[in-house]
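Here's a quick tour of the model shown below. Have the structure open while you read, and we'll go from one strand residue out to the rest of the fold.

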Amino acid sequence: MVITAKRAAEICREWYFAFRNKGKGEEKCVLELLDAADTIEALEAAYPKWFSVKEKLPENDDKYLVFTSDRNDVVIATYYGDGEWLDYDFTDLIPLVTHWMPLHEPPKGV
C-alpha cells in the first residue's frame, strides 16, 4: 500500500492526539514522524512532475523533457508556442508531444 506524505502526516497527528497523554516515548516518535512527513511533502513538491499538454503548457522558449507518442520516446525540446515543439538544436518540429516536465537545474561550479 502506498500512502502520500499528506496521509502519513494525518496518521501521525491522529497517533499524536491518541497517545499524547500516555507516555513521552510515543510522543517523541510521533513528532519525529510528523517532521519526516513534512520533509517528504516538501521533497515531493520540489521534484519535477510530468504535465499533460492537454492540462497545461509550459512557458515559451525554454527547454523541457518531453514524451512523444509517435516515437514512444523521451527527448529534450524547446516549446515554441501554439503547441509546437522544436528539437534541441531548433532544426525539426517534434510531433505528438503528450507530456512535458521541467529540466533539473544544471550542476553548479562545473
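## Starting at T78

Let's begin with T78, which lies in strand β3; strands here are DSSP runs of E with at least two residues, helices are runs of H or I with at least four, and both are numbered from the N terminus. T78 counts as buried because its relative accessible area is 3%, where buried means under 20%, exposed means over 50% and partly exposed is in between (1.4 Å probe, protein chains only). Leaving aside neighbours within four places in sequence, T78 is in contact (heavy atoms within 4.5 Å) with D61, D62, K63, E84, W85, L86 and F90.

## Ground rules and confidence

This is a predicted model, in which local features need pLDDT of at least 70 and side-chain atom pairs count only at pLDDT 80 or more, while totals for chains, interfaces and linings use all residues. Residues are numbered from 1 along each chain as its sequence is written, and side-chain values use heavy atoms, with hydrogens and water left out.

As for pLDDT, the predictor's confidence in each residue on a scale from 0 to 100, the protein has a mean of 80, and 85% of its residues reach 70 or more. Confidence bottoms out in helix α2 (residues 24–46), with a mean of 72, and peaks in strand β1 (residues 51–52), at 94.

## The overall layout

The protein has two helices and five strands, and from the N terminus on they run α-α-β-β-β-β-β. Of its 110 residues, 23% are buried. Among contacts with a separation of 6 or more, 47% are between residues 24 or more positions apart.

On the helical side of things, R13 lies in helix α1 (residues 5–19). R13 is classed as partly exposed because its relative accessible area is 39%. Not counting residues up to four places away in sequence, R13 touches L34 and D38. The C-alpha atoms of R13 and L31 are separated by 8.5 Å, although the two residues are 18 apart along the chain.

## The sheet

The five strands make an open sheet in the order β1-β5-β2-β3-β4, with antiparallel pairing; a pair requires at least two DSSP bridges between the strands. β1 and β4 are the edge strands, each pairing on one side only.

Take β2 next. It pairs with β3 in the antiparallel sense over six bridges, with T68 partnered by D73 in β3. The two strands form a hairpin with four residues between them, and N72 in the turn has a positive phi of about 50 degrees. β2 also pairs antiparallel with β5, over five bridges, and there F67 stands opposite H99. The side chains alternate along β2: Y64, V66 and T68 point to one face and are buried, while K63, L65 and F67 point to the other and are not.

## The edge at β4

β3 and β4 run antiparallel and are joined by four bridges. One partnership here is A77 with D87 in β4. D87 is found in strand β4 (residues 84–87), and D87 counts as buried because its relative accessibility is 13%. Leaving aside neighbours within four places in sequence, D87 is in contact with I76, D92 and I94.

## Core and rings

So what makes up the largest nonpolar core? It has nine residues: Y64, V66, V75, A77, Y79, W85, I94, V97 and W100. The elements giving two or more residues to this core are β2 (63–68), β3 (73–81) and β5 (97–102), and β3 gives the most, with three. A core, in this sense, is a set of buried Ala, Val, Leu, Ile, Met, Phe, Trp, Tyr and Cys residues joined through side-chain atoms within 4.5 Å. In soluble globular proteins, nonpolar side chains tend to be buried together.

W85 is worth a click: not counting residues up to four places away in sequence, W85 touches V53, P58, Y64, V66, A77, T78, Y79, D92, L93, I94, V97 and W100.

Which residues form the aromatic cluster? F51, Y64, Y79, W85 and W100 do. A search of the whole structure finds four aromatic pairs, where rings of Phe, Tyr and Trp (its six-membered ring) pair if their centres lie within 6.5 Å, and planes under 30 degrees apart count as stacked, over 60 as edge-to-face and the rest as tilted. Finally, K56 lies over the face of F51, at 4.4 Å from the ring centre; the criterion is NZ of Lys or CZ of Arg within 6 Å of the ring centre and within 35 degrees of the ring normal.
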